[in-house]
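Open the model in your viewer and follow the stops below in order. Each stop says what to select and what is there.

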Amino acid sequence: MARGWRLTKTAWALIRRDPTMISIAMIGTACGLAGTAAILYFSGYLSSPTHSRGHLALVAIIAVYPMTFLSVFFNVALAGAAAACLDGRSITVREALGISWKRVGRIAQWSLLAAGVGIVLDQIVSRIPGGGRVASWLLGAAWSLATIFAVPLLALEGPGPLETAKQSVKLIKGKWGEGITGLVGIGAWTTVALIPAAILIAIGVAIRHQDATAGEALIAIAVGAIFLVSALSLATRQVFEVALYRFANGAEDSGGFTTVDLADPFSRRGGG
C-alpha cells in the first residue's frame, strides 16, 4: 500500500503539471458516463428498473463495442500525452487526440478483441452456476493484468490486436508484481476517495422525501466528485502504465518514477 501510494503521488504530481492529461481524462470520463446514461435511458431502466432488465442486457451488448472503442481511443491519447510528459515535454489536446486518430484502425481492431473478451466473461457469469461470478472475476483480473501494456503499445508502437496482446503478455511476465502493485495501489486509493461521495449519495437519497432541494444538491455534488475522482484515476493509471512500460523496456528513472518503486515490489525499503 505504501509503495502504491508513492506511485500514485508521483503520477498525480505529473498530472497536475500537464493540463492536457486532465482535459483528455475528463473528456473520456464524460463520454463514458454519457454512454452509460444512454444505455440506461434507451433500455427503459430509468423508468422501470424491475421490468427492463432484459432490455438493459440487450442494449448493453449492442453498446459494448462503441463504448470500448471510445474508452481505448481516449486512453491511447492519454498515454501519448503521458509519454510526452515523462520525456519532459507537453503536447496539446489536439496533438494527443491526433495520436489516437493516426491509430484509429488498430484501436478499432483491439477494441473488437477486448469487447469480445468482455462478452465471453459475461456469458461465464450467466451460464456457470455458483462459482461463475468468481471465475469471471478471476479471468477478468488476469486479462486486465495481461493486457496492462496494451494501451501504451497502441500509443507508442501501434501493433495489431494479436501482436499487442502477445507483446503485453511477454512484458508482464517479468513485471507482473510491479503491475499488481500499481493497479492495486491506484485502485485502493481511488476507492477510498470515492467513499465520501457514496456517503453523500446515500444521505441525499435518504432526505429527498423531506427536502427535495437539499437531497438533489447532495446527489449532484456527489456525482461531480465521482466524475472528478474517476477522471483523475484514469489519468493516474495511464501515467503509471506508460512509466512501467518504459521501465519494462529498459528505460531509466523518468518523470519522478524511480527504479526503487518500479522494481522489486514485494521488498521493503531498507531491505527485507
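Start by selecting Thr236, which lies in helix α9, residues 212-248. The model is a predicted one. Thr236 has a relative accessible area of 1%, under the 20% limit, so Thr236 is buried. Show its surroundings beyond four places in sequence: Thr236 is in contact with Thr8, Ala11, Trp12, Ile15 and Ile186.

Next, select Ala13, in helix α1, residues 2-17. The C-alpha atoms of Ala13 and Thr236 are 9.6 Å apart, although 223 residues separate the two in sequence. Is Ala13 buried or partly exposed? Its relative accessibility is 24%, which lies between the 20% and 50% limits, so Ala13 counts as partly exposed.

Move to Ala82, in helix α3, which spans residues 53-86. At 1% relative accessibility, Ala82 is buried. Which residues are in contact with Ala82, leaving aside neighbours within four places in sequence? They are Met21, Gln238, Val239 and Val242. Draw a distance from Ala82 to Val239: the C-alpha atoms are 5.4 Å apart, with the two positions 157 residues apart along the chain.

Stay in helix α3 for the aromatic rings. The model has 4 aromatic pairs. In one of them, Phe69 and Phe73, the ring centres are 6.0 Å apart and the planes meet at 35°, so the pair is tilted. Phe69 and Phe73 are 4 residues apart in helix α3, which means that about one helical turn separates them. Phe73 has a relative accessibility of 12% and counts as buried. Add Phe74 to the selection: ring pairs link Phe69, Phe73 and Phe74 into a cluster.

Now select Phe149 and Tyr245, another aromatic pair that is tilted, with 6.0 Å from centre to centre and 55° between the planes. This pair links distant parts of the chain, 96 residues apart: Phe149 is in the loop between α6 (132-146) and α7 (150-156), and Tyr245 is in helix α9. Phe149 is buried at 0% relative accessibility, and Tyr245 is buried at 6%.

For the surface, select Val192, Ile195, Ile199 and Ile203, which make a nonpolar patch of about 330 Å². Ile199 belongs to helix α8, residues 161-207. With a relative accessible area of 48%, Ile199 is partly exposed.

Zoom out to the whole protein. It has 10 helices and 0 strands. Of its 272 residues, 40% are buried. The protein exposes about 14400 Å², and carbon and sulfur atoms supply 67% of that area. Among contacts between residues at least 6 apart in sequence, 72% join residues at least 24 apart.

Finish by colouring the model by pLDDT. The average is 81, and 81% of the residues score at least 70. Which elements have the highest and the lowest mean pLDDT? Helix α4 (residues 93-102) has the highest, at 93, and helix α10 (residues 259-262) the lowest, at 64. Then select residues 266-272, where pLDDT stays under 50. For this stretch the model has 7 contacts beyond four places in sequence. Where pLDDT is low, the predicted coordinates should not be read in detail.

How values were computed:
Residues are numbered from 1 along each chain as its sequence is written. This is a predicted model: local features need pLDDT of at least 70, side-chain atom pairs count only at pLDDT 80 or more; totals for chains, interfaces and linings use all residues. Side-chain values use heavy atoms; hydrogens and water are left out. Helices (H or I, at least four residues) and strands (E, at least two) are DSSP runs, numbered from the N terminus. Buried means under 20% relative accessible area, exposed over 50%, partly exposed in between (1.4 Å probe, protein chains only). pLDDT is the predictor's confidence in each residue, from 0 to 100. Contact means heavy atoms within 4.5 Å. Patches are made of residues with over 30% relative accessible area and no salt bridge: like charges are joined within 9 Å, nonpolar side chains (Val, Leu, Ile, Met, Phe, Trp, Tyr) within 5 Å. Accessible areas come from the Shrake-Rupley method with a 1.4 Å probe; for residues, only the protein chains shown count as cover. A salt bridge is a side-chain nitrogen of Lys or Arg within 4 Å of a carboxyl oxygen of Asp or Glu. Rings of Phe, Tyr and Trp (its six-membered ring) pair if their centres lie within 6.5 Å; planes under 30 degrees apart count as stacked, over 60 as edge-to-face and the rest as tilted.
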